[in-house]
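Reader: Got a minute to go through this one with me? I'd like to start with the rings and then wander about a bit.

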Amino acid sequence: MIQHDALASISNEDLFVAVQRLTARSNVALADLLAHLGEVERRGIHRSRACASLYTYCIYQLRMSEDAAYRRAKAARLVREYPELHDAIAKGELHLTGVLMIGPHLGGERHAELLRRARFRSKRELLRLVAEIDPKPEVAARVEPLGPTPAGGATWAKFVDALSGPARDLPAGSRPADWIGESADSAEEDGSAESADSEDGADAPPHARPLHYMVQFTASQEFVDLLEEAKNLLGHEAPRPTLPEIQVRALRALVQQLRTRKRAGTKVRPLEPAGVSGGAPDTAPARAADVASDAAPARVFADTADAAPARRGSRHIPASVRRAVFERDGERCVYRDDRGERCRETLGLEIHHRHAHALGGPATLDNVELRCRSHNALAAEEDFGREHMDFARGVALDMRPGSTA
């Protein structure tokens, strides 16, 4: 570890040399990191760390920001697909932004030319190169009337204040600085000062007031017609609902319908928002906290215990069981790794048979649970083997474990 006081005594020339040397090392480290991340994803072992994707593995296990995780996960796939990128990054010929910019254009007839011409280019220069390789049509001309500048408005200070929250502490061994290989004594000393708060507790919303977002999209004529009709039908209300309130109402109705279909639910939590019809404050943050909690209450519907099981050999899951499993598991993947850490995924949840259906497992509440797609696939690989599942999914041979391709 370099002492900052020691840096002050370094001559200017030595400082330049040291910065260059560190930059070269960081290029090599980045190239190796991307190669290793690509191998982690190829083997699928990020799932054994309660992470459904390489992206979430980078966030929750490697403590990267969402932006850094997205960029490195995407670049790792490119490095695996085009191994020559590894050397270009390690030699400093291509930076991470450059890899992501030229990545979609690699693999074609001009692959070698693009790699050659992209060397040592800045982002601005690469934009010109990509525009030459893959020219885009001109933006259509349009004239839009401008209204008066709205009064007030959000400021950067307000935005930062809205996101500020309590400091997060991580246990010793879970922080990137601990992975360098420092002495165990220093790690223990740092660990003694750690907060006893859990990770979920550190994520508690810092403010009671909700965040607001700008939403913009291109709408069809049908959307505009439906919006005008909705405004007309709601015309008797005072005050008349605004566009965001109408959108929220429409989304509530859609979510209610999807919940009923996906989870076989007959009753769901109240959906009436604040600001539309004078209801209670919006419960969306509280609901998100419920989903993220590992201790979701096991609220099982009364008819679950008496529900008739599915026919033998059928994949049908009774509606009462489907409702109960979503309630019991808190609408979140239940997979836990060997350290007891639970997967955080709430998207694309699937009903998983603990004792595989193909091996005679019944569709009962005791035998089914929620898993994300990645961890459902991991369970199938554990039951039937990775090679068998890759064959069933049509995965190419060079993507299987042990492949040298």
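**Rings, a helix and a patch**

Author: Sure. This is a predicted model, and the count of aromatic pairs in it comes to one.

Reader: Which rings make the pair, and how are they arranged?

Author: They belong to phenylalanine 217 and phenylalanine 223. The ring centres are 5.4 Å apart and the planes sit at 85 degrees; over 60 counts as edge-to-face, so that is what this pair is.

Reader: Is phenylalanine 217 buried, exposed or partly exposed?

Author: Partly exposed, because its relative accessible area is 48% and the exposed class starts over 50%.

Reader: And what about phenylalanine 223?

Author: Phenylalanine 223 is at 26% relative accessibility, so it counts as partly exposed too: buried would need under 20%.

Reader: Moving on to charges over rings. What lies over the face of tyrosine 60?

Author: Arginine 344 does, at 3.8 Å from the ring centre.

Reader: OK, helices. How many helices and strands are there in the chain?

Author: The chain has 17 helices and two strands. One helix to look at is α15, residues 319-328, which is mostly covered.

Reader: How many of its 10 residues are buried?

Author: Eight of the 10 in α15. Among them are Val321, Ala324, Val325 and Phe326, but also Arg323, Glu327 and Arg328.

Reader: What covers the buried residues of α15?

Author: The cover includes helix α13 (243-263) and both β1 (350-353) and β2 (368-371).

Reader: What follows α15?

Author: Glycine 330 comes after α15, and its phi is positive, near 65 degrees.

Reader: Let's switch to the surface. Which residues form a nonpolar patch there?

Author: Leu7, Ile10, Leu15 and Val19 do, and together they have about 290 Å² of accessible area.

Reader: Where is leucine 15 placed?

Author: In helix α2, which runs over residues 12-43. Leucine 15 has a relative accessible area of 39%, so it falls in the partly exposed class, between 20% and 50%.

Reader: Zooming out, how much of the chain counts as buried?

Author: 30% of its 405 residues. The chain exposes about 27100 Å², with carbon and sulfur atoms supplying 56% of that.

Reader: Last one: what share of the contacts joins residues at least 24 apart?

Author: 58%, among contacts between residues at least 6 apart in sequence.

Definitions and conventions: Residues numbered from 1 in each chain as written. Predicted model: local features only at pLDDT ≥ 70, side-chain atom pairs only at ≥ 80, totals over all residues. Heavy atoms only, no water. Patch = residues over 30% accessible without salt bridge, like charges linked within 9 Å, V, L, I, M, F, W, Y side chains within 5 Å. Areas by Shrake-Rupley, 256 points an atom, 1.4 Å probe, with all protein chains shown as cover. Salt bridge = Lys/Arg side-chain N within 4 Å of Asp/Glu carboxyl O. Helix = DSSP H or I, 4+ residues; strand = E, 2+ residues; numbered from the N terminus. Buried < 20%, exposed > 50% of the residue type's maximum accessible area, 1.4 Å probe, protein only. Phe/Tyr/Trp six-rings, centres within 6.5 Å; stacked < 30°, edge-to-face > 60°. Lys NZ or Arg CZ within 6 Å of the ring centre and 35° of its normal. Contact = heavy atoms within 4.5 Å.
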